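Here's a quick tour of a protein model for anyone who'd rather look before reading. Take a moment with the picture, then we'll walk through it piece by piece.

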Amino acid sequence: MSSTALLGVTLAPPHGALDSGSTSAPGFRQSTADAESPNEPKWEGYLITHVKDPVKELAETKDAYVSYLVQAKTNLPIFSTSNPSSRRRFQDFVFLRDNLVRDFPACVVPALPDKHRLEYITGDRFSPEFMERRRLDLHRFLQRLSRHPTLQRSTLVRAFFESTEWHVHMHQHIAHPPGPEPSPGIIDNISDTLLNAFARVRKPDERFLSMREDVDKFEEGLVVSERLFNRVRSRTSDGNPESGEDLTADYHDLAVAVQGLGFLESGITDPLNHFSNTLLEFSALMRHTTQTTTDPFLIHLHSLLTYSHANRAVLKLRDQKQLDFEELSDYLSGVTAERDRLSAIIKGQAGSTGLGLGAYIKDRVDAIRGADDDRSRVEKMRKLDIKIKELEDAVTTAHETSDAFSDETLREQTIFQYTKEAEMKEMLGNLADGEIEFYKTAMEEWERIIPIIQRIRVDV
């Protein structure tokens, strides 16, 4: 049984083989060269996505919503065209994400922006500010999917970009999911007292322990950065002049004060007015930088944190698969020991002697109930043999699933690392570019005022 079958991963077969040269195009991580190890992910091509042009649909009705133009450029053979596009609303993105999580449980599927997280945004959900913020978040969501070598080739992602009958496709996908329907197995019938949700893996894999530590440190760094930059933002432009920490408002007030001095100092009124205007321009520049540089940085930072949470969830699910195997193995050992105990009694051997207090008490209880005769023991052994066979099959499946999930998780960590590095490069690069533009423009503003100040005559 293949690892993809065990994990419920179903991919549409490619329409044709791709040579290594066919994947060369702008984008992210497109190499199809032989992987250095079995756990190295492989890409079949590129998928470059964009979310554009938010439009309010059914504007004058109570059912109004916003649609977005989703476009892609690709050479993946699963797509029927190299430039698919369609219009989708937020609920379509929700459907895509929820079903990818269900269809690909071992993949790190990025989270969507919180529908109610409206920091830094004024106005309602149809305001230009909100629609642009939502567009950027959805654009980043599709970028993360497009960088994933498995998710980018899923039939659902293809339909999301190509289908002209998306609602029909959604209903068909729900009715006939690509993976096998999960059937209740023996593990689902075991008491919760056996499979404790709070139990810990007894034989932890050092590789995944190291990964979890790395995730903890990464998320800690993101949380600290978000808190500090929020503090910088609130001190620079929190929109509340009465707080006493709005630097843009302070520069505005200083400009008004300097302008007032100009009315009193008749000899230097014009230079003071120019200086006041420079202060106003600098205040406006700080507010503009907050909106175009600091706010997008904070939004991206928080989005990267939620993406890391999705990665953590996959690591936790891998631990649960290993725990299922360990608990089932223990359960099998207990049932096998009970069968051996009954066999020993029937053969006239020691029975419960040496098997512990629990086995002795069970023998006594059976004796009181009259269930200690050989006939009842033989019937119990027959049922236990059937149960042991079921458990052996379940343990084998759980072991295969755990191993396959571990292999997939190793590949997922590599993919997540690629995506994380690319996003941090983009995020920090945009921040640096914005700060450089701010200081460059600010210097130009202040340099223009210097000759005007120097023309003020001072008689000593």
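A polar contact is a pair of N or O atoms within 3.5 Å; within protein, one of them must be able to donate a hydrogen and the other to accept it. Keep that handy for the side-chain pairs further down.

## How far to trust it

First things first: this is a predicted model. The protein chain averages a pLDDT of 82, and 77% of the residues score at least 70. Residues 1–35 are a weak spot, with pLDDT below 50, though this stretch still has 69 contacts in the model beyond near neighbours in sequence. Another weak spot is residues 118–122, again with pLDDT below 50, and there the model has twelve contacts beyond near neighbours in sequence. Where pLDDT is low, the predicted coordinates should not be read in detail.

## The overall layout

What is the chain built from? You'll find ten helices and three strands in it. Reading from the N terminus, the order is α-β-β-β-α-α-α-α-α-α-α-α-α, so to speak a helix, then the three strands, then a run of helices.

Of the 460 residues in the protein chain, 41% are buried. Among contacts with a separation of 6 or more, 73% are between residues 24 or more positions apart.

## Where α2 meets α4

Now for a pair of helices. The axes of α2 (residues 90–103) and α4 (residues 155–162) come within 10 Å of each other and cross at roughly 170°. Angles over 145 degrees count as roughly antiparallel, so that is what α2 is with respect to α4. On the α2 side, the contact is made by Asp92, Phe93, Phe95, Leu96, Asn99 and Leu100, and α4 brings Leu156, Val157 and Phe160. Sorted by class, that gives seven nonpolar residues, one polar and one charged.

Leu100 deserves its own look. This residue of helix α2 has 0% relative accessibility and counts as buried. Leaving aside neighbours within four places in sequence, what does Leu100 touch? The list is Val109, Leu145, Leu151, Ser154, Leu156 and Val157. For one of these, Leu151, the C-alpha atom is 7.7 Å from that of Leu100, with the two positions 51 residues apart along the chain.

Over in helix α4 there's Thr155, which is partly exposed at 23% relative accessible area. The C-alpha atoms of Thr155 and Ile78 are separated by 7.7 Å, while the two residues are 77 apart along the chain.

## Two buried charged residues

Is Arg133 buried or exposed? Arg133 sits in helix α3 (residues 128–146), and at 10% relative accessibility it counts as buried, because the cut-off for that is under 20%. The side chain of Arg133 makes a polar contact of 2.9 Å with the side chain of Asp137.

Glu226 belongs to helix α6 (residues 206–237). With a relative accessible area of 12%, Glu226 is buried too. Which side chain does Glu226 pair with? The partner is His302, through a polar contact of 3.1 Å between the two side chains. Glu226 also has its C-alpha atom 9.6 Å from that of Leu305, a residue 79 positions away along the chain.

## Next door on α6

Arg227 is in helix α6 as well, but this residue counts as partly exposed, at 45% relative accessibility. The C-alpha atoms of Arg227 and Leu298 are separated by 9.4 Å, and the residues are 71 apart along the chain.

## Positive phi around β1

Two residues here have a positive phi without being glycine. Asp53, which lies in strand β1 (residues 47–57), has a phi near 50°. Asp53 counts as partly exposed, with 42% relative accessibility.

Leu58 has a positive phi of about 50° and is not a glycine either. Look for Leu58 in the loop between β1 and β2 (65–74). At 48% relative accessibility, Leu58 counts as partly exposed.

Conventions. Residues numbered from 1 in each chain as written. Predicted model: local features only at pLDDT ≥ 70, side-chain atom pairs only at ≥ 80, totals over all residues. Heavy atoms only, no water. pLDDT = per-residue confidence, 0-100. Contact = heavy atoms within 4.5 Å. Axes fitted to C-alpha atoms, helices over the stretch in contact; angles between N-to-C directions. Helix = DSSP H or I, 4+ residues; strand = E, 2+ residues; numbered from the N terminus. Parallel < 35°, antiparallel > 145°, perpendicular 65-115°, else oblique. Nonpolar A, V, L, I, M, F, W, Y, C, P; charged D, E, K, R; others polar. Buried < 20%, exposed > 50% of the residue type's maximum accessible area, 1.4 Å probe, protein only.
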